[in-house]
Amino acid sequence: TQYKFNYGYVNFKRKKFDEAKPLFKAVKDGSSKYAEPATYYYGFISFYDEDYKEAEKSFEKLTNSDTYKNVVPYYLTQIYFLRGNYDKVISYAAPLINDKNNKNTEEIKHIVGQAYFEKGDYENAAPLIDAYISSATKVSKEEMYQLAFAQYKTGQYQKALENFKDLSIIDDSLGQNALYCLGDCYLKTNQKDKAKDALQQASNMDYDPLIKEVASFESGKLAYE
């Protein structure tokens, strides 16, 4: 058992996961002192291999472990999200976001925010995504769009407007959607000239035919007005 675990760990450190995984599997269900760490490393490799069902089983076994109980919540939260189980993300991880003992608390907060976003609960999504973005060193355009859209849907038009502005220069379907929402934010804040310009730009892009059609109609109405 000791040999299998140590040899598995050496392969793990050398990133030879295919060789490490069966060795950890042979140890993880036993009663030795190596069972717990073998379960963790087996779960980690399963997560890396996108075998989320096996990873979930492994990490759930460690939720009361003195060694791993502050590490596994991050992985479990990710797994529930990646498997589309947004209710489980919220019920499991929302109580954890104020627990300073957990590792990766900010990332957990972000995933919970994304789960609320996917469920259309923008009221709860907006502050969590905003908190993550405020502390992150690098943010993707999709994450910025989620924040802007959540603010837009909750009537925070001025905040949403500023964030959509940054996205409106992107030449893809996300940029087209951002321009449309930006136009509506301008409209909601009674800036009709700017609204017309943003909607006209959205209508000139061909990525999303529905957005193109609606933006064209709305910008035409504003031009007439």
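The legends below describe close-up views of a predicted model. Local features need pLDDT of at least 70 and side-chain atom pairs count only at pLDDT 80 or more, while totals for chains, interfaces and linings use all residues. Residues are numbered from 1 along each chain as its sequence is written, and side-chain values use heavy atoms, with hydrogens and water left out.

**View A. Stacked rings of Phe-24 and Tyr-41.** The structure holds 32 aromatic pairs (rings of Phe, Tyr and Trp, the last by its six-membered ring, with centres within 6.5 Å; planes under 30 degrees apart are stacked, over 60 edge-to-face, the rest tilted). The ring centres of Phe-24 and Tyr-41 are 5.5 Å apart and the planes are at 25 degrees, so this pair is stacked. Phe-24 belongs to helix H2 (residues 17–28) and Tyr-41 to helix H3 (residues 35–48), 17 residues apart, and the pair links distant parts of the chain. Helices are DSSP runs of H or I with at least four residues, numbered from the N terminus. Both Phe-24 and Tyr-41 are buried (under 20% relative accessible area; exposed is over 50% and partly exposed is in between, with a 1.4 Å probe and protein chains only).

**View B. Stacked rings of Tyr-40 and Tyr-68.** Here the centres lie 4.6 Å apart with the planes at 15 degrees, so the pair is again stacked. Tyr-40 is in helix H3 and Tyr-68 in the loop between helix H4 (52–60) and helix H5 (72–82), so the pair ties together parts 28 residues apart in sequence. Tyr-40 and Tyr-68 are both buried.

**View C. Salt bridge between Lys-21 and Asp-49.** A salt bridge is a side-chain nitrogen of Lys or Arg within 4 Å of a carboxyl oxygen of Asp or Glu; the count by this rule comes to 15. The closest N and O atoms of Lys-21 and Asp-49 are 3.7 Å apart. This pair links distant parts of the chain, with Lys-21 in helix H2 and Asp-49 in the loop between H3 and H4, 28 residues apart. Lys-21 is buried at a relative accessible area of 17%, whereas Asp-49 is partly exposed at 35%.

**View D. Lys-28 with Asp-29 and Tyr-42.** Lys-28 and Asp-29 form a salt bridge of 3.3 Å, N to O. The charged end of Lys-28 also sits over the ring of Tyr-42, 4.9 Å from its centre (NZ of Lys or CZ of Arg within 6 Å of the ring centre and within 35 degrees of the ring normal). Lys-28 counts as buried at 13% relative accessibility; Asp-29 is exposed at 55%.

**View E. Salt bridge within helix H4.** The side chains of Glu-54 and Lys-57 meet at 3.0 Å, N to O. These two residues are three apart, about one turn of the helix. Glu-54 is buried, with a relative accessible area of 19%, and Lys-57 is partly exposed, with 48%.

**View F. Surroundings of Gln-78 in helix H5.** Gln-78 is buried, with a relative accessible area of 18%. Leaving out residues up to four places away in sequence, Gln-78 touches Phe-47 and Ile-111 (contact: heavy atoms within 4.5 Å).

**View G. Packing of helix H10 (residues 157–167).** The buried residues of H10 include Ala-160, Leu-161, Asn-163, Phe-164 and Leu-167. The buried residues of H10 pack against helix H9 (141–153) and helix H11 (173–188).
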